[in-house]
Amino acid sequence: MTGSFDRLVGRHAEQWGPAPTGVWRAPGRVNLIGEHTDYNQGLVLPFAIAEAVHVAASSRSDRVLGVSSREFGTAEVDLASGVPRTDWLRYPEAAVRTLERSGVPVVGIDLTIESAVPVGAGLSSSAALLCAVLLAATDLAGVGLEPEALALLAQRAENEWVGVPVGVMDPMASMCSIEGHALFLDCRSLEYSPVPLAGPPGTDPLSILVVDTRAHRELVTGEYAKRRASCEGAAAALGVESLRDATIDMLAASSLDEVEVRRARHVITENQRVVETVDLMRRHRLEEIGPLLEASHRSLAEDYEVSIPELDVAVEASVEAGALGARMTGAGFGGCAIALAAESMLEGVASAVGEAFAARGFILPSFMRAWPGPGAARMA
Ligand code: GLA
């Protein structure tokens, strides 16, 4: 195994003895639109980013999971012990234990991990890690699972072992994305289709700027679970299986309280915005999706109440500086916003956002240019 993975392969051999059997890669994601709809069996439109988790792996003959990461160090988990870890090892452990529960035999495994997905920024570093470990472990076990099946295992790992009731969007984006495209995903059927992420030919190419507010609120897990419970409560009160089946007319005639109405309204209107965005993109009118991105942000801020001042300022300043549209991306309560802008405007948008943050005394944001990369795969 040579080439661009030399360093990772070398670190693995140095740490664990044998050279790795392979190297697997799973990317983080940006969600273009369709926020807090996945756990309501709704529609989403994420894409995989270039930043990814790489995992080198080899089997071992005892019931131990060895994990080495430059960021977190090296440690071993005794898979024979029933006590799950609560530290950074819980993600690789969750992946391996979920796989075993689903009937795939895993004896022991050594992993060397390298992640370029910023942690805690809402770019889905945890799903990327889970997907990379699941891919490696199934390959080592000689079991070929479909990408959708791996994504569902990653979601279950996070739900059952890590204890966060996430939806299926992030692992599906990591597993199933196609370069140059966003992934239009129906979270009820898991049917998906790629949608080209490109403006009209012959125009200034469009780009997506990711603004990492670097505000990481602890609120995210508790508030996320509350939003999910509130949606499930609203669906039950409306007599539908999930908010995917609810309509605006049903809300007016319902006994939902004011907060539940707003939560449900966000989900119903957001699904509609995803459909409209996909429709424009399929007609090569990417430059026209800006108002939908902004409407999504307003709905997340006002009806769903998951934005924070830093995200609102990032969106406002981007649009004022000439972005075609902008919105928060991911769960909210911190993390990143995205802005769609002509390539030639990108620098100006970034500096306007930086100035707006400085003027308000916020921690200065960091910027990344995001473009849709390929989904997870074995690399070597
Ligand atoms: C997080 C979760 C996803 C999804 C988004 C909000 O990223 O992991 O399942 O619910 O928040 O759209």
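## Starting at Asp170

Leaving aside neighbours within four places in sequence, Asp170 is in contact with three residues: Arg29, Ser124 and Ala127. This is a predicted model, and Asp170 is a handy place to step into it. The residue lies in helix α5, which covers residues 169–176.

Is Asp170 buried or exposed? Its relative accessible area is 18%, and the cut-off for buried is under 20%, so Asp170 counts as buried. There's a link to a distant part of the chain here too: Pro46 is 124 residues away from Asp170 along the chain, yet the C-alpha atoms of the two are separated by 8.0 Å.

## The three-strand sheet beside α5

Helix α5 also leads us to a sheet. It lies across β2, β7 and β8, and it runs at about 135° to β7. Helix α8 (residues 258–282) packs on the sheet as well, touching β2, β7 and β8, and its direction makes about 50° with that of β8.

What is the order of the strands in this open sheet? It goes β2-β7-β8, with antiparallel pairing. The edges are taken by β2 (43–44) and β8; each has a single partner strand, so one side of each is left without a neighbour in the sheet.

## How those strands pair up

Let's take the two pairings in turn. Between β2 and β7 there are two bridges, and the strands run antiparallel. Here Val44 stands opposite Leu185 in β7.

On the other side, β7 (residues 181–186) pairs with β8 (residues 192–196), again in the antiparallel sense, this time over five bridges. In this pairing, Leu183 sits opposite Pro194 in β8. The two strands make a hairpin with five residues between them, and in the turn Leu190 has a positive phi of about 65°.

## Arg97 and the α2–α4 contact

Now for another part of the model. Arg97 is found in helix α2, residues 90–101. With 9% relative accessibility, Arg97 counts as buried. Which residues does Arg97 touch, if we don't count those up to four places away in sequence? They are Asp78, Leu79, Ser81 and Trp161.

Trp161 brings in the helix partner of α2, since Trp161 is among the α4 residues that meet α2. Helix α4 covers residues 147–162, and it packs with α2 at an angle of about 110°, with the axes 9 Å apart. That angle makes α2 roughly perpendicular to α4. As for handedness, α2 passes α4 in a right-handed crossing. By class, the contact of α2 with α4 has eight nonpolar, one polar and six charged residues.

Who takes part? From α2 come Arg90, Tyr91, Ala94, Ala95, Arg97, Thr98, Leu99 and Arg101. They meet Leu153, Arg156, Ala157, Glu158, Glu160, Trp161 and Val162 in α4.

## A second helix pair: α10 and α11

Helix α10 (residues 309–320) and helix α11 (residues 346–359) also pack together, at an angle of about 135° and with their axes 9 Å apart. This makes α10 oblique to α11. The crossing of α10 past α11 is right-handed.

The α10 side of the contact has Glu310, Val313, Ala314, Ala317 and Ser318, which meet Val349, Ala352, Val353, Ala356 and Phe357 in α11. Sorted by class, the residues of this contact divide into eight nonpolar, one polar and one charged.

## β11, an enclosed strand

How many of the nine residues of strand β11 (residues 334–342) are buried? Nine of the nine, so β11 is largely enclosed by the rest of the structure.

Strand β9 (residues 206–216) is joined to β11 by eight bridges, and the two run antiparallel. Within that pairing, Ser207 has Ala341 in β11 as its bridge partner. Strand β10 (residues 325–329) is joined to β11 too, by five bridges and also antiparallel. There, Gly325 stands opposite Leu340 in β11. β10 and β11 form a hairpin with four residues between the strands, where Gly330 takes a positive phi near 90°.

Methods. Residues numbered from 1 in each chain as written. Predicted model: local features only at pLDDT ≥ 70, side-chain atom pairs only at ≥ 80, totals over all residues. Heavy atoms only, no water. Buried < 20%, exposed > 50% of the residue type's maximum accessible area, 1.4 Å probe, protein only. Contact = heavy atoms within 4.5 Å. Pairing = 2+ DSSP bridges. Axes fitted to C-alpha atoms, helices over the stretch in contact; angles between N-to-C directions. Parallel < 35°, antiparallel > 145°, perpendicular 65-115°, else oblique. Left-handed = near helix turned anticlockwise from the far one by under 90°. Nonpolar A, V, L, I, M, F, W, Y, C, P; charged D, E, K, R; others polar.
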